[in-house]
Amino acid sequence: MGWLVACLAVGSLGAKPTQGWSLWVLQPSRPGLLTDCAMPRGLAWPLPAALTPPHAPLRLDEALTVRWQGGQLVQSGERDASGLPQERAWHPFDSCFVLSVAGVVVAAGGVVPRVSARLLRSDTLVIQDDKPGRPLAFTLLPAFPAELEQPVPPEWRAALTPFSKPPGAQPR
């Protein structure tokens, strides 16, 4: 929760998501301390911008897929005028994430690489593909290491199912 106090303002507020869900990334309170990334489900998000921290959360608007037990959340992403993918404004390793639906936290925790040996007992976003020029791909897990077949919290199923596509759906 330490990063929560340090990150109460929001970046990228001018751009509204075109879907009912959004994925945010931010730096943990201390580099590499992903155990502080968890936050309560049901909390309003993004948090009020009344307090200005040194590191504001960033809403990801690039093409990405978040795979979870109930399907996939697919975002087509935005490109610049040249049609080329925009340069990534965040470091994909050792970051915190917040997945929100209708302005409420559904999942929050650490972003880790697939080969990571971390034992996080909170929501985890595992990077499956982060190659330049390709859409980001993640797997959302209730803890890491865990399997996609592990039961998910009922809140995830209720909030994410209406926005999920069947496995194999690709961003347009």
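In this predicted model, Val 126 of strand β7 has Thr 139 of β8 as its bridge partner. That bridge belongs to a set of five joining β7 to strand β8 (residues 136-141), and the two strands run antiparallel. Six residues stand between the strands of this hairpin, and Gly 133 takes a positive phi near 85 degrees there.

Strand β7 also pairs with strand β6 (residues 104-113), in the parallel sense and again over five bridges. One of the residues placed by this pairing is Gly 110, whose bridge partner in β7 is Thr 124. Six of the seven residues of β7 are buried, so the strand is largely enclosed by the rest of the structure.

Two acidic residues of this region take part in salt bridges. The side chain of Asp 129 meets that of Arg 134 at 2.8 Å, N to O. Asp 129 is buried, with a relative accessible area of 9%, whereas Arg 134 is partly exposed at 48%. Asp 123 forms a salt bridge with Arg 41, and their closest N and O atoms are 2.7 Å apart. Arg 41 lies in the loop between β1 and β2, while Asp 123 belongs to β7 (residues 123-129), so this pair ties together parts that are 82 residues apart in sequence. Asp 123 is buried, at 5% relative accessible area, and Arg 41 is partly exposed, at 36%.

Arg 41 has a further acidic partner. Its side chain meets that of Glu 155 in a salt bridge with an N to O distance of 3.9 Å. The cut-off for a salt bridge is 4 Å, so a distance of 3.9 Å is within it. Glu 155 lies in helix α2 (residues 154-160) and Arg 41 in the loop between β1 and β2, so the contact ties together parts that are 114 residues apart in sequence. Glu 155 is partly exposed, with a relative accessibility of 42%. Arg 41, Asp 123 and Glu 155 are thus linked in a network of salt bridges. The count for the structure comes to three salt bridges.

The loop between β1 and β2 also holds one end of a disulfide. Cys 37 is joined to Cys 96, with an S to S distance of 1.9 Å. Cys 37 lies in that loop and Cys 96 in strand β5 (residues 95-101), and the pair links parts of the chain 59 residues apart. The torsion about the S-S bond is about -60 degrees, so the disulfide is left-handed. Cys 37 is buried, at 0% relative accessibility, and Cys 96 is likewise buried at 0%. The structure has one disulfide by count.

A further residue of the loop, Trp 45, takes part in an aromatic pair with Trp 24. The structure holds one such pair. The ring centres of Trp 24 and Trp 45 are 6.0 Å apart and the planes stand at 80 degrees, so the arrangement is edge-to-face. Trp 24 lies in strand β1 (residues 21-26) and Trp 45 in the loop between β1 and β2 (58-59), so the pair ties together parts that are 21 residues apart in sequence. Both Trp 24 and Trp 45 are buried.

The nonpolar interior remains to be described. The largest nonpolar core has 24 residues, and those with the most contacts inside it are Leu 23, Leu 99, Phe 138, Leu 140 and Leu 160. Strands β1, β3 (64-68), β5, β6, β7 and β8, together with helix α2, each supply at least two residues of this core. Apart from it lies another core, of 18 residues, among them Leu 34, Val 105, Val 112 and Leu 148.

Leu 99 illustrates the contacts around one residue of the largest core. Not counting residues up to four places away in sequence, Leu 99 touches Trp 21, Ser 22 and Leu 23, among others. Its contacts also include Leu 73, the run Val 104, Val 105, Val 106 and Ala 107, and the residues Leu 140 and Leu 160. Leu 23, Leu 140 and Leu 160 are thus contacts of Leu 99, and these three are listed with Leu 99 among the residues with the most contacts inside the largest core. Val 105, which Leu 99 also touches, is instead one of the residues of the other core.

Technical notes
Residues are numbered from 1 along each chain as its sequence is written. This is a predicted model: local features need pLDDT of at least 70, side-chain atom pairs count only at pLDDT 80 or more; totals for chains, interfaces and linings use all residues. Side-chain values use heavy atoms; hydrogens and water are left out. Rings of Phe, Tyr and Trp (its six-membered ring) pair if their centres lie within 6.5 Å; planes under 30 degrees apart count as stacked, over 60 as edge-to-face and the rest as tilted. Helices (H or I, at least four residues) and strands (E, at least two) are DSSP runs, numbered from the N terminus. Buried means under 20% relative accessible area, exposed over 50%, partly exposed in between (1.4 Å probe, protein chains only). Two strands pair if DSSP finds at least two bridges between them. A disulfide is a pair of cysteine sulfur atoms within 2.5 Å. A nonpolar core is a set of buried Ala, Val, Leu, Ile, Met, Phe, Trp, Tyr and Cys residues joined through side-chain atoms within 4.5 Å. Contact means heavy atoms within 4.5 Å.
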